[in-house]
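Colleague: Could you take me through one part of this model in detail? I'd like a close look at the salt bridges, and then whatever sits around them.

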Amino acid sequence: MIGVVITGWFTYRGTRTAAAIQAGPAAEQTKFAVLEKTVARVDEENGSLRGRQSRLESLLRACTWTMDLWARQMRDAGIEPEPPHPLVEEYNRTGV
């Protein structure tokens, strides 16, 4: 009687272990698929942000060039322009 119970218990454990082993690769594959989709989404978002940042930097350079042109025109006309904002001054010094 005890032998039957012990055999049944080991069979039960073995069946559960086998099921867990078989389910392992499928679970890992699901996790990998989710990770792949997440990486693809983040790459797409980063590409979009890089494009926007590049466009903003181009716009900043164009504005800086235009304001420099206007300041030169004012000086040529004998008008001293207002001093630049501290952030503009910092950008002119560091380029950042």
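Modeller: Sure. Searching the whole structure turns up three salt bridges. Keep in mind that this is a predicted model, and that every distance below is computed from it.

Let me set the scene before going pair by pair. The chain's secondary structure amounts to two helices and zero strands. Of its 96 residues, 2% count as buried. The accessible surface is about 8800 Å², with 63% of that belonging to carbon and sulfur atoms.

Now the pairs themselves. Side chains of opposite charge can pair when their charged atoms come close. Take E45 and R41: they form a salt bridge whose closest N and O atoms are 3.1 Å apart. Both residues lie in helix α1, which covers residues 2–76, and the spacing is four residues, about one turn of the helix. How covered are the two partners? E45 has 40% relative accessibility, and since that falls between the 20% and 50% cut-offs, E45 counts as partly exposed. R41, at 44%, is partly exposed too.

Further along, R72 and D68 meet in a salt bridge through their side chains, at 2.7 Å from N to O. Here again both partners lie in helix α1, four residues apart, or about one turn of the helix. R72 has a relative accessible area of 42%, so it goes down as partly exposed. D68 comes out at 40% and is partly exposed as well.

The remaining pair is R75 with E80, where the side chains meet at 3.5 Å, N to O. R75 is partly exposed because its relative accessibility is 46%. E80, on the other hand, has a relative accessible area of 58%, so E80 counts as exposed.

D68 is worth a second look, as it also turns up in a pocket. Rolling a probe the size of a water molecule over the atoms shows where empty space is left. In this model, the largest pocket holds about 470 Å³ of space. It is lined by 16 residues, and the ones closest to its centre are M67, D68, P84, V88 and N92. So the acid that pairs with R72 is also among the residues closest to the centre of that pocket.

Where does the lining come from? Helices α1 and α2 (86–94) each supply at least two residues, and α1 gives the largest share, with eight residues. Sorted by class, the lining has eleven nonpolar residues, two polar and three charged.

V88, another of the residues closest to the pocket centre, lies in helix α2. Its relative accessibility is 38%, so V88 counts as partly exposed. V88 also gives you a handle on how distant parts of the sequence are placed: V88 and T64 are 24 residues apart along the chain, while their C-alpha atoms are 9.1 Å apart in space.

One last stop, away from the charges. F32, L35 and V39 make a nonpolar surface patch of about 290 Å². L35 has its place in helix α1, the helix that also carries E45 and R41 as well as R72 and D68.

If you're following along on screen, I'd say start from D68: it leads you to R72 through the salt bridge, and to M67, P84, V88 and N92 through the pocket.

Methods. Residues are numbered from 1 along each chain as its sequence is written. This is a predicted model: local features need pLDDT of at least 70, side-chain atom pairs count only at pLDDT 80 or more; totals for chains, interfaces and linings use all residues. Side-chain values use heavy atoms; hydrogens and water are left out. A salt bridge is a side-chain nitrogen of Lys or Arg within 4 Å of a carboxyl oxygen of Asp or Glu. Buried means under 20% relative accessible area, exposed over 50%, partly exposed in between (1.4 Å probe, protein chains only). Patches are made of residues with over 30% relative accessible area and no salt bridge: like charges are joined within 9 Å, nonpolar side chains (Val, Leu, Ile, Met, Phe, Trp, Tyr) within 5 Å. Accessible areas come from the Shrake-Rupley method with a 1.4 Å probe; for residues, only the protein chains shown count as cover. On a 1 Å grid over the protein atoms alone, a cavity is a set of points where a 1.4 Å probe fits but cannot get out, and a pocket is an open set with protein on both sides within 12 Å along at least five of seven lines; lining residues have an atom within 4 Å of a point. Grid points are joined across faces, edges and corners, and a volume is the space filled by probe spheres set on the points. Ala, Val, Leu, Ile, Met, Phe, Trp, Tyr, Cys and Pro count as nonpolar, Asp, Glu, Lys and Arg as charged, and the others, Gly among them, as polar.
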